[in-house]
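Morning, everyone. Let me walk you through a structure that will be new to most of you. Have a look at it first, and then we'll go through it piece by piece.

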Amino acid sequence: MNLIGQVITVVRKDLLLEWRGKGRLISVLLFGVVTLLLFSFAVGPDSTLLRAAAGGFLVLALLLSSTLGLSESFRVEQEQRAIEGLLLLPVDPIALYYGKTLSNTLFLMLLAPVLTPVALILYSVQLDLSGLAVLLGLWTLAAAGLSAPGTLYAAMTSRLQSQDVLLPLLLFPLVIPVLMGSVKSITLILTGDPMSQVGSWATLLASFAIIYWSLCGLLFPHAIEEGI
Amino acid sequence: MSLRAADSATLAVQTSKLGKRFGRQWALAHCDLQVRPGEVLLLAGANGSGKTTLLRLIAGLYKPTQGNLTIYGMDPDQEKLACRRTLTLVGHDNYLYSQLTALEMLQVWTRLRGAELPEAQAIELLREVDLDERRDYAVGGFSAGMRKRLTLLRTRLEEPKLVLLDEPFSALDAAGQNLIEEWIEGYRSAGKTVVLASHNLPRASKMCDRAILLQEGQMLWQGTGSELLDQVGTTV
Amino acid sequence: MTRQFKWDSGLGLLGLLLLFVGSYIGLFVAPAERYMGEVQRIMYVHVPCAWNAMLLYTLAFIFAIVSLWTHRAKWDAMTTAAVEVGIVLNALLLVQGSIWARATWGVWWDWDVRLTTSLILLLLFAGVLALRSFVHDSGRRATWTAIATIVAFVDVPLVYFCVRWWRSLHQVQSTPDTVAPMMVVPLRINAFAILFIAIWMMAQRARLELDRRHQDQVAEPERLAPVGGSSND
């Protein structure tokens, strides 16, 4: 079976698992909403402040929720060691990686359509539909950027003690370019972009995603060489 | 039965001074094993004697610390995917996703092997292990025995030449154990090689061509199944 | 072993000596900077630390690639050593930079591009060490250390670029770049000084790591004499 076929099989399997385990997605979304709420309490009911920081808070909430989602994606593999079952089959590890990363990207993409309206409401921000579409597109690039190293590290930390600490610790400093890129570009969408800078930030997000999708795909087979 | 000095190209499994160390503990050492194609080999020994380690080394889940091993003449390091296509392992874990149904699990495994499994054929397989009634039920609700039977179906799905079984009789009732015995007989007639580790010596020693006793990670003794029973009694 | 002792300890001593010389010149002989005055003299350790931290991280990246390629313990030891010493220098440069900011602008932290990037790098590479501490199998630990180091290093230009861009939108002055000729000499001396000291520390650390690995490499147990039974021939 060719590589693409294996990738598709892995993605289908993950999407099926996601669909069956809907509770997980809902819990992660609720977590995101709680985070958005906490940020408002941290700042206080100052609507000017909140409006200015809305982009930042939204992206942070998405980032924190994404990390939860990423670590969950391998918890289901370790529960009954299904991942070992996959490693025993003649599956190319690269197909395993890209399948998993693709399904993680799709999962993360689902977070924005729910958390964005909540943020818009809580922080009193107006946004028209085209703006919303661009925002979701930007988040898609960010989600792709987060998933690449996120899937690699989620796999590596999935059986370690303190995995809950290690994954964010490894991921957060690494994805600062994604964080900055999405905060900046989304804030510009929400507050206005007089100098058309969104394109440049979007390019940064896309570059990060391309670089890490390539790099982590190369490294993943080494990471699982002695099992995970 | 005499084993001519066969070259590694014809042996199902050949190891030379194979050893595996975890931290400071040697789980397996000085292992020189030769398994002929079509043979049914029993690995016996107490817990911690190295049976599981040896099986996992053969399956390619561990890399040897020492020595080397070939599977049908292939080096697992160089020809990883080819080796994986040749063998199957059912170990202590079930390799299942709790949210998928029995049918779906079979289909996922088959697809990842590069084939399609028609539903009728899948139902037939599930019927063999008495799971066809539960084929649309999520695996998470299955009992330990049911899960084991489903996982053991992996050996029927694929067409591996080498079947590795780690405690296949555990978690199964007498009917299930009889079924596995039948399967192993079937593998032998089909010319497949079976290496199994088991504590259930009365049953396992009857069906094997040869038995090896492991102790503290080393091969202590080898002989026929009945000689094994004389050597150690009925359980190890 | 004795020869090894000589070369890197010799280098370390030379480095220490150079550090004294360079710092003396920097503190007492070189002229004070036009705008910042005496405070600027901290540059004579700050800049060399920065250069060498980046150099060590780059070395770690190269060692990591070799480690992944060869799976030899030596390269894992050197990767770890380079990361650790790099982190030490990184931490030092942050402290020095913070002191400089305090003396110059009255604040301990001002989001200067290079300082901000350094803080992110510190956290990036500290993560590598954190990961390492949780993996007990030496083979897997070596592989994963190499992977994490490579992933972290590839991020460095991305981080620098985006922090710079982020700051440029706010148009704040960064720390001045131009260096008068009289200042170059102590700077170069100290750069080499810290390089030599860093190499010495790396060699020590790598050796320590290899020793630990060797301790784990317990010899195989004695071969058990096979008990009777029908042999397979």
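Let's start with the empty space. Searching the whole structure turns up five cavities of 30 Å³ or more. Keep in mind as we go that this is a predicted model. And how do you find space like that? Rolling a probe the size of a water molecule over the atoms shows where empty space is left.

The largest of these cavities has a volume of about 140 Å³. So what lines it? There are 13 lining residues, and the ones nearest the centre of the cavity are Asp14(A), Glu18(A), Arg24(A), Ser73(A) and Asn104(A). If you want to find the spot on screen, go to chain A and look at helix H1 (3-20), helix H3 (47-78) and helix H5 (93-109), since each of them supplies at least two residues of the lining. Sorted by class, that lining has five charged, four polar and four nonpolar residues.

From empty space, on to the packed parts. The largest nonpolar core has 199 residues, and Leu150(B) and Phe125(C) have the most contacts inside it. Which element gives the largest share of this core? That would be helix H5 of chain C, residues 138-168, with 13 residues. There is also a second, separate core of eight residues, and Ile42(C), Tyr44(C), Trp100(C) and Leu187(C) are among them.

Back to Leu150(B) for a second. Leaving out residues up to four places away in sequence, Leu150(B) touches a whole list of partners, including Leu96(B), Met105(B), Trp109(B), Leu126(B) and Phe142(B).

Next, cysteines. How many disulfides are there over all chains? Zero, from a search of the whole structure. Take Cys208(B): the closest cysteine sulfur is in Cys31(B), 17 Å away, so that is too far for a bond. Cys208(B) is buried, by the way, with a relative accessible area of 10%. Cys162(C) is in no disulfide either, as its nearest cysteine sulfur belongs to Cys216(A) and sits 17 Å away. Cys162(C) is buried too, at a relative accessible area of 0%.

Now let me zoom in on chain C. This chain has six helices and zero strands, so reading from the N terminus you get α-α-α-α-α-α. Of its 233 residues, 45% are buried. And if you take the chain C contacts with a separation of 6 or more, 81% of them are between residues 24 or more positions apart.

Here's an example of that kind of long reach. Arg213(C) is in helix H6 of chain C, residues 181-216. Is Arg213(C) buried or exposed? It counts as buried, because its relative accessibility is 10% and the cut-off for buried is under 20%. Arg213(C) and Lys74(C) are 139 residues apart in sequence, yet 9.7 Å apart in space, C-alpha to C-alpha. Apart from residues up to four places away in sequence, Arg213(C) touches Ala73(C), Asp76(C), Ser138(C), Arg141(C) and Ala142(C).

Val88(C), over in helix H3 of chain C, is another one to click on. With 41% relative accessibility, Val88(C) counts as partly exposed. Its C-alpha is 8.2 Å from that of Ala53(C), with the two positions 35 residues apart in sequence terms.

Chain A has a similar sort of pair. Gly181(A) is found in helix H9, residues 176-191, and at 0% relative accessibility Gly181(A) counts as buried. Gly181(A) and Leu141(A) are 40 residues apart in sequence and 9.9 Å apart in space, C-alpha to C-alpha. Setting aside residues up to four places away in sequence, Gly181(A) touches Trp201(A), Leu204(A) and Leu205(A).

Last stop: backbone oddities. Most residues other than glycine have a negative phi. Ser162(A) is not a glycine, but has a positive phi of about 55 degrees. You'll find Ser162(A) in the loop between helix H7 (129-157) and helix H8 (163-174) of chain A, and at 37% relative accessibility it counts as partly exposed.

Trp111(C) is another non-glycine with a positive phi, about 60 degrees. Where does Trp111(C) sit? In the loop between helix H3 (73-105) and helix H4 (113-134) of chain C. Trp111(C) counts as partly exposed, at 44% relative accessibility.

That's my tour. Thanks for listening!

Notes. Residues are numbered from 1 along each chain as its sequence is written. Chains are lettered from A and ligands numbered from 1 in the order in which they are written. This is a predicted model: local features need pLDDT of at least 70, side-chain atom pairs count only at pLDDT 80 or more; totals for chains, interfaces and linings use all residues. Side-chain values use heavy atoms; hydrogens and water are left out. Helices (H or I, at least four residues) and strands (E, at least two) are DSSP runs, numbered from the N terminus. Buried means under 20% relative accessible area, exposed over 50%, partly exposed in between (1.4 Å probe, protein chains only). A disulfide is a pair of cysteine sulfur atoms within 2.5 Å. A nonpolar core is a set of buried Ala, Val, Leu, Ile, Met, Phe, Trp, Tyr and Cys residues joined through side-chain atoms within 4.5 Å. Contact means heavy atoms within 4.5 Å. On a 1 Å grid over the protein atoms alone, a cavity is a set of points where a 1.4 Å probe fits but cannot get out, and a pocket is an open set with protein on both sides within 12 Å along at least five of seven lines; lining residues have an atom within 4 Å of a point. Grid points are joined across faces, edges and corners, and a volume is the space filled by probe spheres set on the points. Ala, Val, Leu, Ile, Met, Phe, Trp, Tyr, Cys and Pro count as nonpolar, Asp, Glu, Lys and Arg as charged, and the others, Gly among them, as polar.
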